[in-house]
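Please give a guided tour of this structure for a viewer session, with a selection to make at each stop and a note of what is found there.

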Amino acid sequence: METITIKEDNLNDFIIDNFTENSLVEISFNRVFIPGILLNINDDDELILTLRLQGQLLHQTVDINIDEIKSEVVEIRYSDVDEQINLVVI
């Protein structure tokens, strides 16, 4: 797994350029951990990721507004068929 340290200001562009739908995304921020399959990336006004949550009982869809939480993001793990990336946000 490749670990990349990225500044908060560059997080949106990195996600837009490198993340693809149907990949696994695990977001850790504040005291929250959100694992899910990436269904959609919407970057109209704010960067919003739509995830289908992973879990034995949870299979709901949630929208995560990256712009609202990026100051609290600790790391984002991204996995698809070709690569695995661990983003550490500073």
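**The sheet.** Colour the strands of this predicted model and follow the open sheet of seven strands, whose order is S1-S7-S6-S2-S3-S4-S5 and whose pairing is mixed. Its edges are S1 and strand S5 (61–65), each of which pairs on one side only. On average, and with direction ignored, neighbouring strands of this sheet are turned by 30° against each other.

**The hairpins.** Select S2 and S3. These strands pair in the antiparallel sense over six bridges, and Leu 24 stands opposite Ile 37 in S3. The hairpin of S2 and S3 has two residues between the strands, and Asn 30 takes a positive phi there, near 50°.

Add S4 to the selection. S3 and S4 form a hairpin as well, with five residues between them. The two strands run antiparallel and are joined by six bridges. One position to label is Leu 38, which stands opposite Leu 51 in S4.

**The helix across the sheet.** Show H1 next. This helix lies across S1, S3, S4, S6 and S7, and runs at about 170° to S7.

**The core.** Show side chains for the largest nonpolar core, which has 24 residues. Phe 19, Ile 27, Ile 66, Ile 76 and Leu 87 are the residues with the most contacts inside this core. Two or more residues come from each of the following elements: strand S1 (2–6), helix H1 (11–18), strand S2 (24–29), strand S3 (32–42), strand S4 (48–53), helix H2 (66–69), strand S6 (73–79) and strand S7 (84–89).

Centre the view on Leu 87. What is Leu 87 in contact with, leaving aside its neighbours within four places in sequence? The list is Ile 4, Ile 6, Leu 11, Phe 14, Phe 19, Val 74, Glu 75 and Ile 76.

Move to Ile 4, which lies in strand S1. Not counting residues up to four places away in sequence, Ile 4 touches Phe 14, Ile 85, Asn 86, Leu 87 and Val 88. For a sense of scale, draw a distance from the C-alpha atom of Ile 4 to that of Ile 69: the two are separated by 19 Å and are 65 residues apart along the chain.

**The aromatic cluster.** Select Phe 14, Phe 19 and Tyr 78, which ring pairs link into a cluster. A pair of aromatic rings is described by the distance of the centres and the angle of the planes. The structure holds two aromatic pairs. Phe 14 and Phe 19 form an edge-to-face pair, at 6.4 Å centre to centre with 85° between the planes. Phe 19 and Tyr 78 have ring centres 4.3 Å apart and planes at 15°, so this pair is stacked.

Which parts of the chain does the pair of Phe 19 and Tyr 78 tie together? Phe 19 lies in the loop between H1 and S2 and Tyr 78 in strand S6, so the pair links parts that are 59 residues apart in sequence.

Now colour the three residues by accessibility. Are they buried or exposed? Phe 14 has a relative accessible area of 15% and is buried. Phe 19 counts as buried at 4% relative accessibility, and Tyr 78 counts as buried at 1%.

**The salt bridges.** Switch to charged side chains, where the structure holds two salt bridges. Select Asp 67 and Lys 70 for one of them: their side chains meet at 3.6 Å, N to O. Asp 67 counts as partly exposed at 26% relative accessibility. Lys 70 has a relative accessible area of 15%, and is therefore buried, the limit being under 20%.

Finish at Arg 77 and Glu 75. Arg 77 forms a salt bridge with Glu 75, and the closest N and O atoms are 3.4 Å apart. Arg 77 is partly exposed, with a relative accessible area of 34%. Glu 75 was met earlier on this tour, as one of the residues in contact with Leu 87.

Technical notes: Residues are numbered from 1 along each chain as its sequence is written. This is a predicted model: local features need pLDDT of at least 70, side-chain atom pairs count only at pLDDT 80 or more; totals for chains, interfaces and linings use all residues. Side-chain values use heavy atoms; hydrogens and water are left out. A nonpolar core is a set of buried Ala, Val, Leu, Ile, Met, Phe, Trp, Tyr and Cys residues joined through side-chain atoms within 4.5 Å. Buried means under 20% relative accessible area, exposed over 50%, partly exposed in between (1.4 Å probe, protein chains only). Helices (H or I, at least four residues) and strands (E, at least two) are DSSP runs, numbered from the N terminus. Contact means heavy atoms within 4.5 Å. Rings of Phe, Tyr and Trp (its six-membered ring) pair if their centres lie within 6.5 Å; planes under 30 degrees apart count as stacked, over 60 as edge-to-face and the rest as tilted. A salt bridge is a side-chain nitrogen of Lys or Arg within 4 Å of a carboxyl oxygen of Asp or Glu. Two strands pair if DSSP finds at least two bridges between them. Axes are lines fitted to C-alpha atoms, for helices over the stretch in contact, and angles run from 0 to 180 degrees between N-to-C directions.
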